[in-house]
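Got your viewer open? Let's take a walk through this one together, selecting a few things as we go.

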Amino acid sequence: MASLAANSIGFIGLGAMGMWMASHLAEKVSKSTKLYVFDIVPTLVDNICLKYPDTVIKATNPKEVIDQSEVLITMLPEGKHVKAVYLEENGVLIGDLLIDCSTIDTASFLEVKNALSKKFPSAKLYDAPVSGGVIGAKKGTISFFLGCAEEDTTDINGMTAILSLVGTKIIPCGGPSLGLAAKLSNNYLSGIIAIACSEAMDMGMRSGLDPRVLAKVYAAGTAQNTICDRFCPVPGVYPEAPSSNGYKKGFKVQLMKKDFSLALDMARRVGSNNVLGDAGLRTYEGASEDERCRDLDSRVVFRYLQGNENWGNESKAESGSALEE
């Protein structure tokens, strides 16, 4: 079973979060461990190899990573990409432990897991989607939701030894695909909160309240939530939030639309009644197609909903006018 002392770890998918996750591994694994990496964007692979030349080894395709790795971690955009890595001809699995951190639909994951079980009975694939955003990935504070039962201590210990180098919370959610079910439920709630926070902020600001004051009110009252605390949709309220940096380097609005849609599909399959779902999905679909919002952090819904992003400059102008008087 894989452990912290694994001789080789593979990482496929160096996106906004994957790059930080792989970087934490490169910095914290033992000196004898090699990290094999691949992404469809060659410059991403080159950059991490240059940064950690003694640990990270470049691969030119997924098969090279798989062939060399005792442990494989994947962080991919959609179910079709996960299927391509694990099921297509170039995916010859020899790893002891396979950890998919992608956020995909539960049906696709189970399809991959079942196919692998038939072809490679010894291969152990687990869903382990993450939460915490790009900020959390950068800080190494993300959470993992494992599709693994608490009593599966051997497998949990093996995954914990590795994933604890990348994040701070590792939560067993039950059997296969339940990590993904937990993540989709989480992202549905996160997406709804971001819209509600944007609307509530806009409502208060139009009434004359400073958004920084509103943030303090929410934090002190029953509306307290992580989105407002650390990912506030209003620019200038929380300095590290993507909104305060042009809505850049966050969880892209298109990805939120994807996850939100997957969550609603799951809700329909299990018979859940989601009264806010359709309105939320329409909002993220609209923002994803809006040139002012596309490719930006999903909390850009504040902009899409016509929120005032220039409140800070207006406050300064008003202060200056008052001083002149």
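Before you click anything, one term: two residues are in contact when heavy atoms of theirs lie within 4.5 Å. Also keep in mind that this is a predicted model.

**Stop 1: Ser102**

Select Ser102. You'll land in the loop between strand 5 (97-100) and helix 5 (106-119). Is Ser102 buried or exposed? It's buried, with a relative accessible area of 1%.

Now show its side chain. The side chain of Ser102 makes a polar contact with the side chain of Asp100, at 2.7 Å. The Ser102 side chain also reaches the backbone nitrogen of Leu76, at 2.8 Å.

Which residues does Ser102 touch, if you skip those up to four places away in sequence? Light up Thr74, Met75, Leu76, Val82, Pro129 and Leu180, and you have them.

**Stop 2: the nonpolar cores**

Next, select Phe11 and Phe144. In the largest nonpolar core, which has 39 residues, these two touch the most other members. Add helix 1 (residues 18-28) to your selection: with 5 residues, helix 1 gives this core its largest share. As a bit of background, nonpolar side chains in soluble globular proteins tend to be buried together.

Stay with Phe11 for a moment and leave aside its neighbours within four places in sequence. Its contacts include Gly18, Met21, Ala22 and Leu25. Also among them are Leu35, Tyr36, Val37 and Phe38, as well as Val65, Ile73 and Met75.

There's a second, separate core too, with 37 residues. To find it, select Ala181, Ile195, Ala215 and Ile227, which are among its members.

**Stop 3: residues 179-298**

Colour residues 179-298. An unreviewed UniProt entry annotates this span as "domain: 3-hydroxyisobutyrate dehydrogenase-like NAD-binding". What will you see there? The span is 62% helix and 0% strand, and its end C-alpha atoms lie 22 Å apart.

**Stop 4: the cysteines**

A disulfide is a covalent bond between the sulfur atoms of two cysteines. How many disulfides are counted here? The count comes to 0.

Try Cys173: it is in no disulfide, and the nearest cysteine sulfur, that of Cys148, is 9.8 Å away. Cys173 counts as partly exposed, at 27% relative accessibility.

Finish on Cys228, where the nearest cysteine sulfur is that of Cys197, at 4.0 Å. Why is this pair not a disulfide? Because the two sulfur atoms would have to be within 2.5 Å, and these are 4.0 Å apart. Cys228 itself counts as buried, at 3% relative accessibility.

Note on methods
Residues numbered from 1 in each chain as written. Predicted model: local features only at pLDDT ≥ 70, side-chain atom pairs only at ≥ 80, totals over all residues. Heavy atoms only, no water. Helix = DSSP H or I, 4+ residues; strand = E, 2+ residues; numbered from the N terminus. Buried < 20%, exposed > 50% of the residue type's maximum accessible area, 1.4 Å probe, protein only. Polar contact = N/O pair within 3.5 Å; in protein donor to acceptor, adjacent residues only side chain to side chain. Core = buried A, V, L, I, M, F, W, Y, C linked by side-chain atoms within 4.5 Å. UniProt positions renumbered as here; feature names shortened; annotations may be inferred.
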